[in-house]
Amino acid sequence: MKLQVSSSPHIGTKLTTQKIMGHVCIALLFPTIAGTVMFGIYSFVVVLVAAASAVLAEFLYNKITRQPLTVNDLSALVTGMILGLNLPPTAPLFVPIVGSFFAIMIVKMLFGGIGRNFANPAATARLFLVLSWTGFMTNYAAPVDYSQGFWKAFVSGFTKEYVTSATPLTALKGASGAVPESINLLDMFLGRIGGSIGEVCAVAIILGFIYLMIFKIIDWKLPVVYIAASAVAALVFYKNGWLFILPTLLSGGLLFAAVYMLTDYSTSPNTTIGRIIFAAGAGFLTVLFRRYSGMVGGVSFAIVLMNLTVPLLDRIIPKPFGYVKPKKEAARG
Amino acid sequence: MSYLFNRGIHPKDKKELTADLPFEVMSAPAKVYIPLCQHIGAPAKARVSVGDRVKAGTLIGEATGFISANVHSSVSGTVVAIEQRENAAGRKIDHIVIENDGLYEEEALPPLENPTKMDIFTRCYDAGIVGMGGATFPTHVKIQPNKPIHTLIINGAECEPYITADYRMMLEHPKEIVEGISYIKTVLGAQKVVIGIEDNKPKAIDAMQAAVAGTDITVQKLKTKYPQGGEKQLIHAVTKLKVPWTGLPADVGVIVVNVTTAFVVYEAIKLGKPSYTRFMTVSGKGIKRPANLIVRVGTPFEDVVDYLGHNDYVKAIVGGPMMGLSIANLNPVVAKGNSSLLLLDKSEEREIEPTPCINCGRCAMACPMRLIPMMTDRLILKDKIADSYKYHPQCCIECGCCAYVCPADRPLVQSQRLAKKLIKERMQ
Ligand code: SF4
Ligand code: SF4
């Protein structure tokens, strides 16, 4: 009988990269469904196109470089979905296509593929799209109004009959001392606001977070520290800052990024201490950019900037168990 | 209260296969092949030649040097050959082949009453006792540290899945273990003795607690977690002391001895019996009738498997599934340090298909030594030996937690081993 011989350990987890990414996809369905309900079927198509383009981009890259196929690890699907959910519900369909190709081909694969890219592909692609097509990327629609008839509302994205709307983020811009009246915390919590497809509904994002925690896919420290740091930054940067904490956390893509983007394995540090610094820095920068920069949002930019510090943060090597400072060696004779 | 070290993993323990089965004596085969090296250190030197008649317990291999151990025959009969065979690690070493005459005549050392320190030490040496937990470090060396020892820890954690040999030992021979412990304690002059047992073995805890009543030995419940039985982890859990990263337990005044070793010490002193039987678990779905066996050293694994019957299996492991060695065939023989033989079928064995590291950090979160295995793996692949040194591969205890949790099936333990080796070769 032929016996297998291999190094220990001889048993191991059943978890694979593919299963992890599958779980993330499932968790991303929560905000996808919420976005579809809020903005109609067109927004679902945007996410679908982004996801499909990302997978196609990785497939083509594998073929062109004649490397083994990597699409079945599902990580491209995750990147595509995250990018799609970061787009406004009115985006023309070339936007997700261009964005996904950029994210996969340039940000992910050119740097060595899964686990090797240093910047978050979806966040970088979003920044690229904002710079290239600012108009399309800031054209936000109000949630559809189902009282005018379900179907009419549900397909309004295709018929371009949506009502453009300002997002809470725009309303908050420049405010300090008192929260603008248009800000309604309950609407923000449920998602009845303008914004990117995936970011509007806090409830859905929290459900996704719980799902990812149950399956131990993400490290809770990243979102929790990020959110806490954002809250502290809001307290500091705004006059009457405590009034701004909840509006800050619930507006823009902050929660979405906390759960789905900051926790990206490739672009977050390896160690607990590194992760805490990384998440705290990202939270601080997010609010800093929102408050003081010319940009309306700051999440993507903050994440990409902090991604760049990861190689540095990864130089913090924890001391092994039982570490003792090496004594100065006596001069060798 | 249960104690815990940081990190580690919770593999399925699979101990239910054999936990309730009392030890059963397996009769010796017609021929035994006794390895002259069953321990860490210099191989023993053959003391018999072909044609000699020996009894069970006859000294057939003599320790050469301090870190070495005596080897005894496990059956009575005639030496028919001295030949090279592969051991479980795949190394060719000398084996003394003895034809079993079926008489089982025994040759014992004189039993000792009220032994002195020197008597105990000499007996451990004479009886060829080595660590029975798997490390096989000669016990007479271990109990003579050059540093004062305040605490003796008896390792009853048995944290590897499947294995129940120490567990059964604690249920069936608690009194004898305690007696063995008291001898070791005498030699070491330790003030404190603690028996550490994982809390998934309540019966063993009860049995040992009953056996230590009236002595100053205590039993401590430990959290069930792998690698609780790792020396450094166990010491930390019991004493809160951290063994220095490059040091030995004696550096913090502690010695760890396995429960079965304590039993063997008892046998050697009280009955004068040298170490030539092995208490082992034979388990896994590949074994028809999993069992806890008492096997004579030198019995080929093949005979053990024939004795219990087998189903289809794809892998044979000597030792536990986390740290044991997989063997290419069943020719190697049972040696003193083999606490188990496992035959795993397809459903139990892990199929390894390495894919790129996704940088998820699971390996680092599982490492009980607080290393970052993924970095060593990555740097070794690029042949950056000096850089990998910064990640302290020399601290790796090869427990396998990192590779166990890795979703990308990275060969993390091999990388650590390779890094250790290359650093030794190139940096010194
Ligand atoms: S690096 Fe070594 S000590 Fe750490 S988990 Fe892996 S095998 Fe165990
Ligand atoms: S567990 Fe595996 S995939 Fe995850 S970081 Fe470690 S080596 Fe990479």
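Visitor: Where is the place of B:Ile181?

Guide: This is a predicted model. In it, B:Ile181 sits in helix H4 of chain B, which covers residues 174-188.

Visitor: Is B:Ile181 buried or exposed?

Guide: The relative accessibility decides. B:Ile181 has 0%, so it counts as buried.

Visitor: Which residues does B:Ile181 touch, leaving aside those up to four places away in sequence?

Guide: Its contacts are B:Leu152, B:Ile154, B:Val193, B:Ile195, B:Ile217 and B:Ala262. A separation along the chain can also be set beside one in space. B:Ile181 and B:Thr261 are 80 residues apart in sequence, and their C-alpha atoms are 9.0 Å apart.

Visitor: Next, the sheets. What order do the strands of the 4-stranded open sheet in chain B have?

Guide: The order is E11-E10-E9-E12, and the pairing is parallel. Strand E11 (217-222) and strand E12 (254-258) of chain B are the edges, each pairing on one side only. Ignoring direction, neighbouring strands of this sheet are turned by 25 degrees against each other on average.

Visitor: Which helix packs on that sheet?

Guide: Helix H6 of chain B, residues 231-239, packs on the sheet and touches strand E9 (151-156), E10, E11 and E12 of chain B. The direction of H6 makes about 115 degrees with that of E9(B).

Visitor: How many bridges pair strand E10 with E11 in chain B?

Guide: Strand E10 (residues 192-198) of chain B pairs with E11(B) over 6 bridges, in the parallel sense. To read one rung, take B:Ile197, whose bridge partner in E11(B) is B:Lys221. As a general idea, side chains in a regular strand alternate between the two faces of the sheet.

Visitor: What order do the strands of the open sheet of 3 strands in chain B have?

Guide: Here the order is E3-E5-E6, with antiparallel pairing. Its edge strands are E3 (45-46) and E6 (71-72) of chain B. Strand E5 (residues 59-62) of chain B is joined to E6(B) by 2 bridges, and B:Leu59 has B:His72 as its bridge partner in E6(B).

Visitor: How many residues of strand E14 in chain B are buried?

Guide: Strand E14 (residues 291-296) of chain B is mostly covered, with 5 of its 6 residues buried. Its pairings can be read one at a time. E1(B) pairs with E14(B) in the parallel sense over 2 bridges, while strand E13 (residues 277-283) of chain B runs antiparallel to E14(B) and is joined to it by 6 bridges. B:Leu293 in E14(B) appears in both pairings: B:Glu24 stands opposite this residue, and so does B:Met280.

Visitor: How many residues of helix H3 in chain A are buried?

Guide: For helix H3 of chain A, residues 75-85, the count is 10 of 11, so the helix is mostly covered. Among the buried residues are A:Val78, A:Met81, A:Ile82 and A:Leu85. The buried residues of H3(A) pack against helix H1 (17-39), helix H2 (41-64), helix H4 (94-108), helix H5 (121-132) and helix H14 (254-261) of chain A.

Visitor: How many salt bridges does the structure hold over all chains?

Guide: There are 22 over all chains. For each pair, read the N to O distance, then the accessibility of the partners. B:Lys201 and B:Glu198 meet at 3.2 Å. B:Lys201 is buried at 2% relative accessibility, and B:Glu198 is buried with a relative accessible area of 2%. Partners may also be shared: A:Asp219, A:Lys221 and A:Arg275 are joined into one network by salt bridges. Within that network, A:Lys221 and A:Asp219 meet at 3.2 Å, N to O. A:Lys221 is buried at 18%, and A:Asp219 is buried at 13%.

Visitor: Which parts does the pair B:Lys203 and B:Asp20 tie together?

Guide: These side chains meet in a salt bridge of 3.8 Å, N to O. B:Lys203 lies in helix H5 (residues 202-212) of chain B and B:Asp20 in the segment before strand E1 (24-25), so the pair ties together parts 183 residues apart in sequence. B:Asp20 counts as exposed, at 56% relative accessibility.

Visitor: Which residues come nearest to ligand 2?

Guide: Of the 13 residues around ligand 2, the nearest are B:Cys357, B:Cys360, B:Gly361, B:Cys363 and B:Cys406. The shell divides into 9 nonpolar, 2 polar and 2 charged residues.

Note on methods
Residues are numbered from 1 along each chain as its sequence is written. Chains are lettered from A and ligands numbered from 1 in the order in which they are written. This is a predicted model: local features need pLDDT of at least 70, side-chain atom pairs count only at pLDDT 80 or more; totals for chains, interfaces and linings use all residues. Side-chain values use heavy atoms; hydrogens and water are left out. Two strands pair if DSSP finds at least two bridges between them. Axes are lines fitted to C-alpha atoms, for helices over the stretch in contact, and angles run from 0 to 180 degrees between N-to-C directions. Contact means heavy atoms within 4.5 Å. A residue is near a molecule or strand if one of its heavy atoms lies within 4 Å of it. Ala, Val, Leu, Ile, Met, Phe, Trp, Tyr, Cys and Pro count as nonpolar, Asp, Glu, Lys and Arg as charged, and the others, Gly among them, as polar. A salt bridge is a side-chain nitrogen of Lys or Arg within 4 Å of a carboxyl oxygen of Asp or Glu. Buried means under 20% relative accessible area, exposed over 50%, partly exposed in between (1.4 Å probe, protein chains only).
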